[in-house]
Amino acid sequence: MRTVYYNGKSFESLGLIIRKAIVPPNSAEKRRTISIPDGPVIIENTKVRDPVSFPIECTVVEPDKLRDIYAMCQKEGTLILPDEPDKYYYGILTVSTPKNIILYYNNITFTMTAEPYAYELNNPEIVCILEDEDDHKKTTINNFGTAECEPKYKITAAAAGIVEMWIDVGSLTRSFKINAEANEIIYIDVAHLTAKNSNGRNIMDKVIKSFEDMTIPSGRYTIRIRNAKELAITLNARWC
């Protein structure tokens, strides 16, 4: 049976049968601009997407499980749809149909309000093969999602000093720098803007140049890194 999973719970196990195709909408990208009134200075100019909402219509074949259905919808979580079992949405699932209507017609409609992306369910850490090039190393990474991703970088410093990494995206170069000890393992999380070492210690104070723009657009790109002997990337690939 084609079923939906929310926070690991299948609709089938709750006596729910999908009545209609589930079609999550696309969220159009737009620019958010914040500027000083009557002034020429723009203090923020970023691309954003609004959350998406879509219905899931089901037939209720086991009304005695309504309490379990309501309990499932009490917290945010991951939603996996039958047509894309390798991806998930993250958000909150709510019941849109009044209880008396559910019991009378044995039909129920849920509303999923989610982040504007579908994310890769299997999100492996990719160990990069580094090739020597002049005074640095390079590797190629392929973001196979359709949207820019916010990856996690795991970097092992070669020697004490500055570790520098950069990506050429069109005519622009995205880069960051951080001070490191010899053989120190650095964990950079672009989505949450955190930097830690293998002991879990916050090392944001060692960041020389911010990594907030170290996202990777859809497609194949060359990453270059200086003073590092190992690099692994968890893409967090996503689709819009």
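**Exercise 1. Decide whether Asp83 is buried, partly exposed or exposed.**

Solution. Start with the value for Asp83 in this predicted model. Its relative accessibility is 52%. Exposed means over 50%. So Asp83 counts as exposed.

Next, find its partner. Asp83 and Arg2 join their side chains in a salt bridge, 2.8 Å from N to O. The two residues belong to distant parts of the chain, 81 residues apart. Arg2 sits in the segment before β1 (5-6). Asp83 sits in the loop between β7 (77-80) and β8 (87-95).

Last, check Arg2. Its relative accessibility is 51%, so Arg2 counts as exposed too.

**Exercise 2. Work out which parts of the chain the salt bridge between Arg19 and Glu57 ties together.**

Solution. Take the distance first. The closest N and O atoms of Arg19 and Glu57 are 3.3 Å apart. Now place each residue. Arg19 lies in the loop between β3 (16-18) and β4 (30-35), and Glu57 lies in strand β6 (residues 52-60), so the bridge ties together parts that are 38 residues apart in sequence.

Then turn to accessibility. Arg19 has 39%, so it counts as partly exposed.

**Exercise 3. Find the network to which Lys138 belongs.**

Solution. Begin with one pair. The side chains of Lys138 and Glu133 form a salt bridge, with N and O at 3.2 Å. Extend from there. Salt bridges with shared partners join Glu133, Lys138, Asp168 and Arg224 into one network. Lys138 itself is partly exposed, at 24% relative accessibility. For the full count, search the whole structure: it holds 14 salt bridges.

**Exercise 4. Describe the surroundings of Met112.**

Solution. Locate the residue first. Met112 belongs to strand β9 (residues 107-114). Its relative accessible area is 0%. Buried means under 20%. Met112 is therefore buried.

Now list what touches it. Leaving out residues up to four places away in sequence, the contacts of Met112 include Tyr6, Phe54, Leu79, Tyr89 and Leu93. Ile92 is also one of them. Met112 and Ile92 are 20 residues apart along the chain, and their C-alpha atoms are separated by 5.9 Å.

**Exercise 5. Place Asn227 and name its contacts.**

Solution. Asn227 is in the loop between β20 (219-226) and β21 (228-234). Set aside its neighbours within four places in sequence. Asn227 then contacts Ala157, Ala158, Ala159, Ala160, Gly161, Ile162 and Val163. One contact can be given in detail: the Asn227 side chain reaches the backbone oxygen of Ile162 at 3.3 Å.

**Exercise 6. Identify the surface patch that contains Ile101.**

Solution. Ile101 is part of helix α2 (residues 99-105). Its relative accessible area is 34%, so it is partly exposed. Add its companions. Ile101, Tyr104 and Tyr105 make up a nonpolar surface patch. Together they have about 380 Å² of accessible area.

**Exercise 7. Judge whether the chain is spread out or a compact globule.**

Solution. Count the elements first. The chain has two helices and 22 strands. Now compare two values. The radius of gyration is 23 Å, well over the 18 Å from the globule rule for 240 residues, so the chain is more spread out than a compact globule. Along the principal axes, the C-alpha atoms fill a box of roughly 70 × 50 × 30 Å.

Finish with the surface and the contacts. About 13,300 Å² is exposed, and carbon and sulfur atoms supply 49% of that. Of the 240 residues, 40% count as buried. Among contacts with a separation of 6 or more, 69% join residues 24 or more positions apart.

Definitions and conventions
Residues numbered from 1 in each chain as written. Predicted model: local features only at pLDDT ≥ 70, side-chain atom pairs only at ≥ 80, totals over all residues. Heavy atoms only, no water. Helix = DSSP H or I, 4+ residues; strand = E, 2+ residues; numbered from the N terminus. Polar contact = N/O pair within 3.5 Å; in protein donor to acceptor, adjacent residues only side chain to side chain. Contact = heavy atoms within 4.5 Å. Patch = residues over 30% accessible without salt bridge, like charges linked within 9 Å, V, L, I, M, F, W, Y side chains within 5 Å. Areas by Shrake-Rupley, 256 points an atom, 1.4 Å probe, with all protein chains shown as cover. Salt bridge = Lys/Arg side-chain N within 4 Å of Asp/Glu carboxyl O. Buried < 20%, exposed > 50% of the residue type's maximum accessible area, 1.4 Å probe, protein only. Rg over C-alpha atoms; globule rule 2.2 N^0.38 Å.
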